[in-house]
Amino acid sequence: GFQRLSAIDEARAKLGGLGHDANSVKTIMGSALAAVKGTAFGLGDAAGQAATLVAAGIKPGQDLTRTLTLLADASTIAGVGMGEMGPIFAKVAAGGKLTTEVVQDRGVPVLQMIGKITGQSMAEVSKSITKGSVDFATFQKAMEQGLGGAAQSSGQTFAGAMANVQAAMGRLGASVMTGVFSQLPTLIGGAITWLDKMGPAATKAGETLGSAFSSGVGILRSVFADPTVQAGIANLIDKGTILGK
């Protein structure tokens with residue numbers, strides 16, 4: 001529950017920093033929830049990616065919900081988290097076109113899917129991508145037709161069901177923690193102020209400890225420099241008392 005609340009809190013702060021008001025943030029968070037409901041992903045995963053996609057130019061509302069849903073599908077097929085796949089979608093959205101770099105080694109058959117909706121061979125699709133003629137809309141359509149529903153289907157597997165249980169526990173925990181979590185920033189801020197005030201006293205304590213340690217080291221040096229002590233240690237070593245036999 002704490003992890004869920006923390007992820008949502010960070011996403012909201014990011015959205016607020018991007019200039020979104022309370023109503024806009026509510027809409028964006030609604031899209032995040034709709035995209036992952038019934039999948040193996042949690043709201044915390046989607047919330048962070050929602051903020052990234054909006055910053056890349058995806059409009060809040062249906063467009064964002066659709067893109068987040070496709071992101072969850074692609075993440076499922078690739079076997080990676082939404083946090084790893086999200087920047088790829090954001091890069092395509094921000095640039096307005098698919099690039100060769102994005103296509104490579106992602107575990108998703110992007111070339112085949114684009115070829116299926118455009119009627120091109122993989123070689124032709126590759127050339128089109130190199131020329132920058134495959135836009136984000138085409139990328140979305142290809143992903144939708146090729147991967148649509150993958151995340152929902154994964155939620156019906158054993159692993160997906162267990163992930164859904166964890167997500168449900170996260171929601172329950174978040175409900176319990178909400179009242180406490182909202183007060184933590186104030187509490188932590190007060191602790192920081194108190195710790196900063198302790199700085200001068202800590203400096204003096206450190207100086208005192210350093211002086212005491214230095215004195216102790218000096219005493220030990222003088223003890224071990226004494227010929228009688230050195231002779232006694234040598235005698236013990238000869239008898240095997242210290243080093244053993």
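Two residues are in contact when heavy atoms of one lie within 4.5 Å of heavy atoms of the other. With that idea in hand, the overall picture of this predicted model can be described. Among contacts between residues at least 6 apart in sequence, 64% join residues at least 24 apart. The protein has 245 residues, of which 31% count as buried. Its secondary structure comes to 14 helices and 0 strands, so the pattern read along the sequence is simply α repeated, from one helix to the next.

Two helix pairs show how such elements can meet. Helix α1 (residues 2–17) packs against helix α3 (residues 43–55) with the axes 8 Å apart and at an angle of about 10°. Because angles under 35 degrees count as roughly parallel, α1 is described as roughly parallel to α3. On the α1 side, the residues taking part are R4, A7, I8, A11, K14 and L15, and they meet L43, G44, A47, G48, A51 and T52 of α3. Sorted by class, this contact holds 7 nonpolar, 3 polar and 2 charged residues.

The second pair, α7 and α8, is arranged in another way. The axes of helix α7 (residues 110–118) and helix α8 (residues 122–131) come within 9 Å and cross at roughly 100°. Since 65 to 115 degrees is the range for roughly perpendicular, that label applies to α7 relative to α8. Here L111, Q112, I114, G115 and T118 of α7 meet M122, V125, S126 and I129 of α8. The contact of α7 with α8 has 5 nonpolar and 4 polar residues, and no charged ones.

Charged side chains provide the next part of the picture. A salt bridge requires a side-chain nitrogen of Lys or Arg within 4 Å of a carboxyl oxygen of Asp or Glu, and by this rule the count comes to 1. The partners are R66 and E144, whose closest N and O atoms are 3.0 Å apart. This pair links distant parts of the chain, as R66 belongs to helix α4 and E144 to helix α9 (residues 136–147), with their positions 78 residues apart in sequence. How open are these two partners to their surroundings? R66 has a relative accessibility of 29% and therefore counts as partly exposed. E144, with a relative accessible area of 36%, is likewise partly exposed.

Helix α4 (residues 62–78) also carries D73, a charged residue in another situation. D73 is buried yet has no salt bridge, and the nearest side chain of opposite charge, that of R66, is 9.5 Å away. Which residues, then, does D73 touch beyond those up to four places away in sequence? They are L147, G148, G149, A150, A151 and Q152.

A further link to R66 comes from Q140, which is placed in helix α9. At 5% relative accessibility, Q140 counts as buried, because the cut-off for that label is under 20%. Leaving aside neighbours within four places in sequence, Q140 is in contact with D63, R66, T67 and L70. Q140 and L71 are 69 residues apart in sequence, while their C-alpha atoms are 9.6 Å apart in space. R66 thus appears twice in this account, as a contact of Q140 and as the salt-bridge partner of E144.

Note on methods. Residues are numbered from 1 along each chain as its sequence is written. This is a predicted model: local features need pLDDT of at least 70, side-chain atom pairs count only at pLDDT 80 or more; totals for chains, interfaces and linings use all residues. Side-chain values use heavy atoms; hydrogens and water are left out. Axes are lines fitted to C-alpha atoms, for helices over the stretch in contact, and angles run from 0 to 180 degrees between N-to-C directions. Helices (H or I, at least four residues) and strands (E, at least two) are DSSP runs, numbered from the N terminus. Angles under 35 degrees count as roughly parallel, over 145 as roughly antiparallel, 65 to 115 as roughly perpendicular and the rest as oblique. Ala, Val, Leu, Ile, Met, Phe, Trp, Tyr, Cys and Pro count as nonpolar, Asp, Glu, Lys and Arg as charged, and the others, Gly among them, as polar. Buried means under 20% relative accessible area, exposed over 50%, partly exposed in between (1.4 Å probe, protein chains only). Lys and Arg count as positive and Asp and Glu as negative; His and the chain ends are not counted.
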